[in-house]
Amino acid sequence: MDQNSSNNSPGQPWLSLEQWRQDPEFLKLTEKEFRSSPLQSEDGQSGHARRDFLKLMGASLALTSFGCVRRPAQTIIPYAKKPPEIQHGHPNFYASSFVDGMEAFGILVTTRDGRPIKIEGNPDHPANMGTMSARAHADILRLYDPDRFTGAKRNLQNKNRTNRETINAKWDDLDKNVVEQLNKGKVAVLTYNHASPTTQVLMEEFAGAFGGKIYQYDDVSYASLMEAQKASYGSAAIPRYRIEKAKVIVAINNDFLGTWVAPVTHQRQFASGRKKSTEGINKLVVFESLMTLTGTNADKRYRIRPSQSLDVVMALLHELIVVRKQSRYSADDGVIRALSGFSKNREDLSLNLGELADELWKNRGQSLILAGGLTADGDFGVALQVAANFLNSVLENDGKTIESGKAVVRGGPIGELIDALNKKQITTLIIHGSNPVYSLPPGAKFREALANVEMLITTSDRNDETARLADFVATDHHALENWGDLQSLDGTLSIQQPTIQPLHDTRAFQDSMLAWLKGANKGSAKAKAAATWYDYLTASWKPLATGKGSFEDNWNQILQDGVLKTSAASGGGRSIAGNTLANVKPTAKRAGFELAIYQKVGIGDGRMANVPWLQELPDPVTKVCWDNYACISPKDSVQLKVKEGQHVTLTVGDQKVEVPVHIQPGQADGVVGLAIGYGRQGGGKVVDGIGANAMMLAQWSDGRAITAGLETKVQPLVKVTQLAITQGHHVMEGRQIVVEETVADHVKNPGGQVHRHKMKTMWSEHKYNGNKWGMVIDLNTCTGCSSCVVACQSENNIPVVGKKHVIDGREMQWLRVDRYYIGTPEDPDVVHQPLPCMHCDNAPCETVCPVIATVHSDEGTNDMIYNRCVGTRYCANNCPYKVRRFNWFSYTDIQAPRQMALNPEVTVRSRGVMEKCTFCIHRIRTVKANHKVNDTKLVDGDVKTACQQSCPTGAITFGDLNDKTSVVATNFESPKSYALLEELNTKPAVRYQVKVRNTDHLKWAPKHAGGHGGGHGDGHKEDKKAPGHSEGGGH
Amino acid sequence: MIQRSPLVLGKKTYETVSNDIAGIVERFPDKRFFAGLAGAQGLLLIFLLAQGAIVWFGMGLMGVNHPVGWGTDIITFVFWIGIGHAGTLISAVLFLFRQKWRMSIARSAEAMTVFAVMTAGLFPVLHTGRPWLAYWLLPYPNQRGPLWVNFRSPLVWDVFAVSTYATVSAVFWYIGMVPDLATIRDRAQNKWRKRIYGVLSLGWRGTARNWNHYEMVYMLLAGLSTPLVLSVHSIVSFDFAVAVLPGWHTTIFPPYFVAGAIFSGFAMVVTLMSIIRELLPVFKDYVTLDHMENMNKIIMATGLLVGYAYASEFFIAWYSGVAYEVFIFKNRAFGPYGWSYWIMVTCNVLIPQLFWFRYFRRNIPWMFVISIFVNIGMWFERFVITITSLHRDFLPSSWGMWVPTIYDFGALFGSFGLFFTLFLLYIRVLPSISMSEVKPVLFVGRNDGHGDKGHSEGKHGHH
Amino acid sequence: MDIIEKLIQKARPTSRNGVAGLWMDEHQMVEAAAKIRAAGFTQIEAISPFPLHGIDEAIGIPRSFIPWVTFTFGLAGFAFGTWFTWWASAVDWPLIVGGKPMWSLPAFVPIMFELTILFAALSSVGALIFVCGLPQVDPPVIDPALTSHKFALWVPEGSAGFNGPKLEQMFKELGAGEVKKAEF
């Protein structure tokens, strides 16, 4: 079946007719009729449905040959001949890669009968080592996004690109037009950080062939970081942070655990420094304006305004160099002059940083300063980075906790492009992979500049803001449909291989470039020789895939590993270019509210915002989903007299947005936070119309987006909307839920703070011979990133219910991450607690089920028998942990083709039945079955639950408690571990390990609320004070 | 012998009694009856629509959610089951205690029981996620391999208790009616009425031998129903008491629930009797102010009992020192649902205190209003128990709120439609006062020359 | 259809001729019954709209045996409840439920209790229906008011010690308002 034939699929007679006549005018007409016809979308979908079957058939063979032994088969062969690799009912795993912003890492794609159903981490890849981020999991649903373009598109529009008339285009028409246009020269390619070396080569070749230039734009830009790196070290590279080596980490408005650069890597590194809880546990000091995921993990947290970020760095430098006369700069007049310029700001900051300075100096070479990110990317953004670099070298961290990284510059800065556009130097613009029309600040006047190009071509996969202005949309594949190679920040090269035949009539951008080169009869020999992008790629890899044996063997080996193991560059040291503080000038003081634009852990830059999983993923900090809101501090909420959910207008200059308010404990006063990635038009059915676009408030100055420290007016409105909050209440009421210990206490007596109970039981307990499954969750290393939640959702076909039902308290996630505030609402400590089913030995849910629909297996798991469940919901009532989820309606009706992501190993639950975490029982069964077949013995680590597998910090351990040598068994028995609500004697098979805070005293030692005595008075007072007490909203 | 006020007013003879009571069935009912029936059926229609929609689209239509998994359905189930207790109590317990005044109200009280239990029985079925599978709660032999129910689950106990109670009280009610049905049969002029009531009366003849067995069985049933009626609400209370939830996990529940059941049951009898006395004035001779006063006294007594239960719950919570318990009860009275708690206390404890005054005990409009308040209060008692315990339990992270939807109201008010439809039809087609029981006590407390004769038990007057 | 016919036929009581006396006052009737029995009439039926006290002694009806039925079946119900809960949860389908023992006796008590009551109650009623020979189709009626306000004594012809004229004579003397030959 050739590329275009999918338009011929039955159910779309009109299209085939129009195909038959190649007349573009007629084509246009029929399209018009179509747009007016309600039938179209249905047709489109049923088109899917019909095609899927064939595709699955073919894809299976195609990808097995891709994946393993043979050349790529480009043709469909029915399953009459079943390839040996494919076995019905058995998953195949294919190594590939994934890039999100700056973060590129290796993935393993689970496919069944040729259908990718889940993305997991590739253990061989050094960047993520088999772990995942929430967004990486969600990428699978972006593949099956119903709102994707099903082929090349063409917009018929006037000069100003104001009318939107999107029609189908034939690829050859498109190529004809594009090549014609390209031949006129004055070409520019605007690309995102695709992280692919070979693509870069091809792109440069392509641009060169048409005398064009490449520019880079990312929806979240690290321009200021790289600019500062260039200024300080001479190379605009993103350095490699060795957080695991740092004893003291200072993050200044830098959410390195949540959203900054490469969170998955950072979390693993951070946790490995965290695990040494007995000696040398690292200390995280956070200065921030909002409450970020990083802030929630802080041992010490200071609240500052975005505009004070630089002052903090300078104050620290001052303490070290001027006050303590440390480091070789203590005599450097230039430096001292630069610092003295900040005396006024230091006063305003009025933080006593002496202690911290001492600590940093004591740990010099073992400390790390991380600064910047959206929330500190003000006009002082570059200066902040420069100062931070300087502080790092003062602390002698260069080459120790920071290593030189690889430059990730794909092209010129967007600023230059806009100038070029305005100067009419560009007639043809190709935008690849980014959505500048949406994410650039209005001040950039990008949209206006586009009026100057004759032809705009995008590779957008949907009808997004940029695609709507394009003349042609050369719709790109989804990553899982395409070949490629990726290079992560540590230089590791990995292969991106397709796992399914393209679902739609789309074409890889690389293939487009090759096609256009050919059309113009340009390009290198390699390009000419390459029939497809695949050929070009393999050709480029010839020199890399070396080793004994033929290229085929090495190549296939690399494909199977998914990563070129030898490729990780060893980062070296580097030295700072003298006194770089010369042109670091004090930040002007801001009046009134300061805007701090930020990224959410789930939504990120909004690239994946159309994935319902991410929309319904409760934000790790606010626990709000399905909405975009202005975060303000409790104190400000009192001053402004606004309550949770009340709308406000935020005004910066002449730009306004209206959003509901969320009152965020721990946020700095005088700061209003707003997340990007919302307010989409054309993002897709899920995301469109949710929230407002924060970038509307951002400013544009010398080629950079200013997203922080902007003076903002906050105007309360009358309107109030309920925010969908999944957690009803935010303090622990003095109950023993999350147990915290100071390092001192912990070293003396690990788990000493846990109040233990002597439990008696009336009857002899059941013996579990064979396996007894159990889990231990280490609250000390859990950062709350919620990757496990999405992993579970993806693994277990957990439905998404939507905003209204979340408000009604019907969210379905089996695994939730509870977040509690400890201390005052103004400045609380935060703890996260993932809560799966506890699989209690004495399960209260089982006793009360009238039909034994939930019962204990002889392996200690608490099983749910869906088809026996009548739905009395008694079990949910009687569950002290409230982990059970009920199908209030039929949630099984999923919009095609999303259902293709369903995991056939897990039942899709019908209306009216209860469901809950199963300990991934299907995985246990599979592993045991395999051992039975191969007559091998099950060893520790064979069975991994989805959440455990995806956890970047390895906080979750799972396995056989009867195997006393297993990691989980030792953790289970360790003094650090405790059972939640032990006094109920439910004997949970899940235990928690105490959270250790690297501080001298805790904000509030939880009093015990268990079976005998113990008050909860404090807790209750907390309760009164606690803001966002939003059960009404939540449930 | 002290003079006592007559049980039946209006100088009745056996014949007039028959005329009065069988007459109700024989006469064509008046407009007010049809008006009432229409109203009841209107409500019934709402019930059918609401529950139909819920079965069709899913439980999600109601207010229930996480963490509040039980809502209106269960509250109303317990409410109706409670109502269903007075009937058996009056007919069985008062019978065993030889309370003559029970005779004239027993029949209607039993009818109320049967209909209340029928109404109640629907709710546990309809509140499940898959009502069409609710029969799986019955342990019936099947081909699914060994597959039985969980006899440890209070819900299975419920199935046994409620179905047993429904069966026994229905049988008790019917057996009691057989002789009266025979009366109607023998009075019947119309062929069809004769035939229908002939079948219903099983061809009862009223020979001394039959009466001999009949009385024995009636007493046995009374004796069996008494522990049964106590067990039923105890078991219903286990639905809560057996759970681990603070606010549910309480040993006081069984007696507390039974007391509450009697309380609400008698209130409902008073409500119904006040209505019937208006609807069928002839009742005024049989259900006299003395009857009403007796019931009001019981209402006041049981009202004090539940009041005591409320108080002791708080004491125990404080005394136990379990923080979860302490919190849940603070939360009950002063939390977001505090209002419901105070409605409950006002209606169940304070208002019934009016019955200390003879005036209120013997004033129909007043006792009618009070009995309505008691019923409202008892519904809210179950509301307080169910909702306030569920919405804030052990882990604050999963605390939530429960907000009723239009379907909740439909289910609640609709159920009254079902109940009253059945009750009105019963008044119309069945002997609503037990003639064969009233006749023996017809002359009690009368001094119209039949006075002594009234004590037909035992001594023979002769002249 | 004919099955129903058969059943109806079966339920048709066979009536005999006899002599009946009707009273308006139940006490007179009870006294009369005692006297007639003393006069040597063995088979006496007393028909009344409600149970009469003293009539049993008057015409010599023994105490009802039904309590024994109730007791036996109550015991059976209890036994069944005990056995069934044990067999179902500990023998036929033993499962780990809430970590409780397979045979969680205390939890099964409610089942045992309810079954006891159910068996006892239904068996008693069954016994009543049986001994009274119910249901009956078109039972002979001496006087329709006998289920309302009249009281009757009736002695079948040919029963031991039967003497028609004497009986009618006695009926009249003992205050029967009406005396007649009647089927019953």
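Me: Two strands count as a pair if DSSP finds at least two bridges between them. What makes strand β40 (residues 977-978) of chain A and β41(A) a pair?

Reply: In this predicted model, two bridges join β40 to β41 of chain A, and the strands run antiparallel. The rule asks for at least two bridges, so this count qualifies. As for residues, Tyr978(A) has Tyr992(A) as its bridge partner in β41(A).

Me: And how do you know that β32(A) pairs with strand β41 (residues 990-993) of chain A?

Reply: Here four bridges join the two strands, which run parallel. The requirement is at least two, so they are paired as well. Asp778(A) finds its bridge partner in β41(A) at Gln993(A).

Me: Let me move to the sheet made of β18, β19 and β20 of chain A. Why are β18 (484-487) and β20 (563-564) called edge strands?

Reply: The three strands lie in the order β18-β19-β20 in an open sheet, with antiparallel pairing. Each of β18 and β20 of chain A pairs on one side only, and that makes them the edges.

Me: What supports the pairing of β18(A) with β19 (residues 493-496) of chain A?

Reply: Four bridges in the antiparallel sense. Since at least two are needed, the pairing holds by that rule. One residue match to look for is Gly484(A), whose bridge partner in β19(A) is Gln496(A).

Me: Which helix packs on this sheet, and at what angle to β18(A)?

Reply: Helix α20 (residues 533-541) of chain A touches β18, β19 and β20 of chain A, and its direction makes about 45° with that of β18(A).

Me: On to charged side chains. Why is the contact between Arg364(A) and Glu396(A) called a salt bridge?

Reply: The N to O distance between their side chains is 3.8 Å. The cut-off is within 4 Å, so the pair passes. The partners come from distant parts of the chain, 32 residues apart: Arg364(A) is in the loop between α13 (354-362) and β12 (367-371) of chain A, while Glu396(A) is in the loop between α14 (381-394) and β13 (402-403) of chain A.

Me: How do you know whether Arg364(A) is buried or exposed?

Reply: Neither word fits: its relative accessibility is 35%, so Arg364(A) counts as partly exposed. Buried would need under 20%, and exposed over 50%. Glu396(A), with a relative accessible area of 36%, is partly exposed too.

Me: What makes Asp841(A) and Lys772(A) a salt bridge?

Reply: Their side chains meet at 3.0 Å, N to O. They are 69 residues apart, with Asp841(A) in the loop between β34 (829-835) and α27 (844-848) of chain A and Lys772(A) in the loop between α24 (743-748) and β32 (773-778) of chain A. That distance falls within 4 Å, so the rule is met.

Me: Are these two residues buried or exposed, and why?

Reply: Asp841(A) has 15% relative accessibility, so it counts as buried. Lys772(A) has 8%, so it counts as buried too. The limit for that word is under 20%.

Me: Chain B has a salt bridge of its own between Glu26(B) and Arg187(B); what distance supports that name?

Reply: The N to O distance is 2.9 Å. Glu26(B) is in helix α1 (residues 14-26) of chain B and Arg187(B) in helix α5 (residues 154-187) of chain B, 161 residues apart. Glu26(B), at 23% relative accessibility, counts as partly exposed, and so does Arg187(B) at 21%. Elsewhere, Lys118(A), Glu120(A), Glu795(A) and Arg923(A) form one network through salt bridges that share partners.

Me: How many salt bridges are there over all chains, and how many cross the interface of chain C and chain A?

Reply: The structure holds 60 over all chains, yet the rule finds zero across the interface of chain C and chain A. Those two chains bury about 1000 Å² between them, 69% of it on carbon and sulfur atoms. In residue terms, nine from chain C are in contact with 12 from chain A.

Me: Last one: which residues have the most contacts inside the largest nonpolar core?

Reply: Tyr881(A), Ile55(C) and Leu153(C), in a core of 303 residues. Another core of 52 residues lies apart from it, with Met102(A), Val220(A), Val642(A) and Val652(A) among its members.

Technical notes:
Residues are numbered from 1 along each chain as its sequence is written. Chains are lettered from A and ligands numbered from 1 in the order in which they are written. This is a predicted model: local features need pLDDT of at least 70, side-chain atom pairs count only at pLDDT 80 or more; totals for chains, interfaces and linings use all residues. Side-chain values use heavy atoms; hydrogens and water are left out. A nonpolar core is a set of buried Ala, Val, Leu, Ile, Met, Phe, Trp, Tyr and Cys residues joined through side-chain atoms within 4.5 Å. Buried means under 20% relative accessible area, exposed over 50%, partly exposed in between (1.4 Å probe, protein chains only). Contact means heavy atoms within 4.5 Å. Axes are lines fitted to C-alpha atoms, for helices over the stretch in contact, and angles run from 0 to 180 degrees between N-to-C directions. Buried area is the accessible area (1.4 Å probe) that two parts lose on being put together, summed over both.
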